[in-house]
Structure formats: structure tokens, C-alpha cells
Amino acid sequence: MPATIPHFIDGALFASAAPSLPVFNPATAAVIRHVGIADTGTVQKAVTSAQAAFPAWSATPPVQRARILFKARELMDQQRDALAALICEEHGKTLADADGEISRGLEVIEFACGIPHLLKGEHSPHVGRGVDSWSQYAPLGVVAGITPFNFPAMVPLWMIPIALACGNTFILKPSERTPSAANRIAAIFSEAGLPDGVLNVVHGNADTANALMDDPRVQAVSFVGSTPVAQAIYARASALGKRAQALGGAKNHMVVMPDADIPGTCDALLGAAFGSAGERCMAAAITVAIGNDTADALRDELAARIKTLRIDNGRTNPDMGPVITDTHRQKITALIDSGMSEGASLIVDGRTILADKPGFFMGGSLFDHVTPAMRIYKEEIFGPVLGIVRCNSLDEAIALINAHEYGNGAVIFTRNGDAARTFSQQIAAGMVGINVPVPVPMAFHSFGGWKRSLFGPLHMHGPDGVRFYTRLKTVTARWPDSLSDSAEFVMPVAR
Ligand code: NAD
């Protein structure tokens with residue numbers, strides 16, 4: 001019987017009596033361990049611990065909080081191989097890709113190490129006679145993060161470093177499909193000197209997430225996952241009067257102009273569409289070719305190269321590994337079937353590639369002549385499937401993309417500055433690339449989409465991360481020498 005992953009509460013591992021779920025290695029289809037499901041009692045235990053840790057942690061000077069983050073960054077860097085191996089084993093992505101997501105997470109810790117500067121606030125001396133005023137950023141209290149399977153380290157690290165740096169205490173509910181990285185991250189922060197209770201991990205499913213969100217002591221919820229759940233979480237947290245940010249799904253378009261270099265663009269598209277088996281919220285799902293010549297050239301080059309993709313256990317660092325579960329592979333297969341029946345041309349069929357292997361493998365697929373009415377255009381497939389849509393002009397492409405339900409990333413490949421500028425100004429997406437296939441912002445900018453890719457006003461990490469995890473307090477001060485010597489009954493104004 002494989003071991004069961006415990007929770008991490010109050011600085012220690014905690015095994016609850018509640019039931020557990022199997023965790024698979026997608027490259028072998030074997031159950032490698034189980035993960036405990038935190039019931040309401042276990043969630044409350046974590047919240048109690050986080051609540052108890054809050055007064056001392058929020059009173060710790062930001063510069064001291066930053067020193068713990070510096071240490072955590074060093075420890076995580078030293079332990080990155082073990083962390084990457086865990087991610088590769090449970091997610092299926094390649095070791096190199098897992099290492100890359102750890103690097104992006106470390107960059108958020110580096111950003112959060114600047115917290116004394118980020119929390120400096122605003123000061124206005126002499127706003128009235130003898131009166132000074134300043135605004136300062138206060139932490140919220142206990143905050144929660146609910147994260148998806150596809151970035152077991154990076155997405156939790158979009159949240160944890162900034163939440164903690166701002167003086168909050170944190171409870172993470174990671175994906176039940178890729179749970180192990182969360183405990184490893186919590187252990188590293190603990191080893192770095194984080195006081196017990198400041199960072200806790202409760203494992204489980206939707207019920208666990210809801211129990212966490214419903215606890216009245218939890219002040220704010222950060223969520224990353226699929227759009228239906230993001231919308232439900234945002235509505236539920238908001239109805240409870242909590243601050244919420246909920247990042248959802250995507251359907252990212254890459255426009256290819258007639259002047260683009262086709263081999264270079266195909267290099268970019270292959271990585272963006274098939275890296276991590278397409279299981280990235282910033283994956284290129286649709287390429288919009290401007291003109292039939294561009295579309296034909298892209299189709300021919302992509303078809304040849306998709307057939308040579310190296311697909312294997314992520315441990316061997318191929319181009320891509322398996323998808324997350326057999327159920328997900330079946331969903332992707334059914335969507336490919338729907339594309340065929342709705343009239344798209346299936347140029348490369350990845351449905352049965354490596355189907356005889358025990359893991360959840362499939363090959364890359366390419367569709368041409370995809371139209372906006374098709375399910376493969378409208379829905380997020382979240383797998384190794386790329387579609388070509390043919391348009392006659394950039395204006396037509398922009399109108400097409402802006403009409404889509406999602407607005408996470410959008411990219412243009414061109415040598416024409418005017419086209420690039422028009423695209424970046426007119427496109428309705430939160431993250432835009434100009435000859436950059438996966439335009440994920442660096443940690444000191446903020447990450448988030450538009451439309452149904454994000455619910456809530458604030459993006460993740462960067463300046464929005466600090467805004468999300470703090471609330472503003474404005475103090476107005478006057479000292480006895482300037483106090484008035486009589487009662488004032490009218491609205492105070494500057495004189
Ligand atoms: P998911 O929505 O199924 O699950 C995400 C998290 O929510 C998990 O922790 C899960 O346990 C929990 N959950 C699931 N159903 C719930 C419910 N009804 N109530 C409360 N909690 C619930 O997502 P996933 O399959 O793990 O991840 C893939 C999705 O995440 C894709 O849609 C992808 O685009 C999206 N994603 C978005 C971003 C982004 O930045 N916008 C980043 C990564 C992934």
C-alpha cells in the first residue's frame with residue numbers, strides 16, 4: 001500500500017483520519033502514493049494555527065520577514081532537483097520543464113524579498129495647519145490559496161512569498177493530483193526559519209477548498225484553475241465578504257503575419273503548443289494565419305515537425321511527457337473527434353500515438369480550417385492539440401480573438417512594427433506577446449488575463465500581488481500645539 005501524504009499544519013506533518021485519494025505517475029499509470037483529504041476539522045485546525053501565528057508574524061519587521069524569504073530562496077535553489085523530480089513524477093512534465101517552473105517561482109520569492117521597499121507607503125506632511133497624513137499597507141490576516149495541477153510549485157509560489165512578505169499567514173490547498181510539491185515547499189520555508197503556523201498546507205478536494213473558503217477567519221482567497229471553478233469560487237468568496245482573485249482557463253491565439261519567418265515561428269509555436277503536453281494556461285492553442293499562403297506554409301512545416309516530437313517519460317527529458325490522467329486523455333480524444341465531425345481537417349492525428357504504453361501518453365495533433373463555431377475553437381482543450389484558423393487581415397484576426405470567451409494571452413509574430421503596435425493596443429487579453437510565444441510576465445510585473453480568464457480586479461504577483469495581500473490604512477495626525485481651542489462643528493477643511 002503506497003504511503004499517504006499528510007497535511008502540513010503548525011510547522012509539522014499531520015495525518016488526518018479522513019479518507020484519501022490515489023496519486024498517479026502519469027508516465028506509468030501506477031498509483032505511487034495517496035493523499036489525505038482534509039475534512040472540516042482538519043481545515044479548522046490549520047486556520048486556528050494560522051490565526052494564532054498572525055499577531056507575531058504581522059508585527060515582525062518587514063526586513064526580518066524578507067531575511068527568511070532570502071533563506072527560503074537559497075534552500076529551494078539547493079533542493080530544486082528533488083523538487084523537480086517530484087513534480088515530474090506526479091505531473092508528467094519533463095524534468096527540465098519542472099526545473100523551469102521552480103525558477104519562475106524563485107523569481108517571485110526574489111521579488112518578495114524587496115518587501116521593505118514595496119510597503120513604504122505614502123506620506124504627505126502638512127496637509128493642513130499642523131496636520132500630517134500618511135497611508136500604510138496593512139496585512140489582511142489569514143489568507144488561502146487554492147491551486148491547479150499543472151504548476152505544482154510555480155502557482156503556489158505566485159501567492160505564498162508575497163502573502164507572507166506582506167505579513168499575512170497562509171493556508172494552501174494544492175491540487176489533489178500533484179500534491180507533494182506543496183509539503184516540500186512548506187518544509188523549506190520552515191527550515192528557513194518561518195515560525196510555525198505562518199504557512200500551512202491542507203490537502204484534499206473541492207469540499208476541502210470550500211471548507212477553507214467558508215471559514216470566517218479566512219480573509220481572502222487566491223484561486224488558479226479552470227473557469228467554471230474560478231467563477232464559483234469568486235462568487236462564493238465575494239458573497240462571504242472576502243477579497244478574492246480567481247484565475248481561470250484560456251484559449252491563447254498566436255497571429256502569424258505574412259512577413260513572419262516561418263521556420264522561426266514554427267519553432268516558437270511547437271514549444272508553446274506542445275510543451276508540457278499543452279497543459280499550460282499560456283499554451284498556444286490556436287494559430288491565426290493571415291492569408292492562405294501563410295496558412296499553407298505553417299501547416300506543412302508544423303505537420304512535418306509535429307510527427308517528429310519526442311514523447312516519453314518526463315524523466316528522460318523528451319519534448320513532452322504524458323497528460324495528467326486517463327480521463328483527461330479521453331476528454332482530449334473526444335474533442336479531437338468533435339473537430340473532425342464538425343468539419344476541421346485533421347492534419348496530424350496524435351490520438352493513438354504511444355497508446356500501447358501503460359502511461360497516459362498521446363501524440364501532438366494539428367487541425368487546419370478550424371472555425372469559430374467548432375468546439376475545438378471555443379473550448380479549452382488543455383492538451384497537445386493545435387488548430388489553424390485562416391483569416392484575411394489583421395483586423396479580422398483581432399475581431400476574432402476579441403470575440404472569444406477567454407482573454408489570457410495573445411501573441412503576434414511579425415516583422416512589421418505597425419502591425420505589432422496595432423495588435424498590442426487593440427487586443428483584449430491580459431498578457432500580450434510580440435514575437436514572444438509564451439508571454440508570461442516576470443515576477444515584478446503582474447500575471448493575469450481578461451474576460452473569463454480572471455475574476456476579480458487584481459492579477460497575481462508583482463505590484464498587484466502586494467495590493468491584493470494588503471489593505472490601505474490612512475492616518476491623519478495633529479499634535480497639541482496646533483489643536484484648535486474651541487469645538488469645530490463643520491466639516492474639517494485645510495486652511
Ligand atoms: P480545477 O479547476 O479542476 O482545480 C483547481 C483547484 O480547485 C484544485 O485544487 C481543485 O481541488 C479545486 N477544485 C476543483 N473543483 C472545485 C470546486 N467545485 N470547488 C472548489 N474547489 C475546487 O483545475 P485543474 O484541472 O487542476 O487545472 C487546470 C485548469 O487551470 C485549466 O483550466 C487551466 O487553464 C487553469 N490554469 C489557469 C492559470 C491561470 O493563470 N489563468 C494557470 C494555471 C492553470
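A salt bridge is counted here where a side-chain nitrogen of Lys or Arg lies within 4 Å of a carboxyl oxygen of Asp or Glu. With that in hand, the pairing of Asp-319 with Arg-310 is a convenient place to start in this predicted model: the two residues form a salt bridge whose closest N and O atoms are 3.2 Å apart. Both partners are partly exposed, Asp-319 with a relative accessible area of 34% and Arg-310 with one of 45%.

The wider picture comes from a search of the whole structure, which finds 28 salt bridges. Among them is the pair formed by Lys-173 and Glu-176, with 3.4 Å between the closest N and O atoms. The surroundings of these two partners are worth a look. Lys-173 has a relative accessibility of 4% and therefore counts as buried, because the cut-off for that class is under 20%. Glu-176, by contrast, is partly exposed, its relative accessible area being 26%.

A further salt bridge brings together the side chains of Arg-351 and Asp-349, at 2.7 Å from N to O. Asp-349 is partly exposed, with 34% relative accessible area. Salt bridges can also be linked through shared partners, and in this way Arg-73, Glu-74, Asp-77, Arg-80, Asp-99 and Glu-110 are joined into one network. Readers exploring the structure for themselves may like to begin with that network of Arg, Glu and Asp residues, and then turn to the pair of Lys-173 and Glu-176, where a buried lysine meets a partly exposed glutamate in a salt bridge.

Definitions and conventions:
Residues numbered from 1 in each chain as written. Predicted model: local features only at pLDDT ≥ 70, side-chain atom pairs only at ≥ 80, totals over all residues. Heavy atoms only, no water. Buried < 20%, exposed > 50% of the residue type's maximum accessible area, 1.4 Å probe, protein only.
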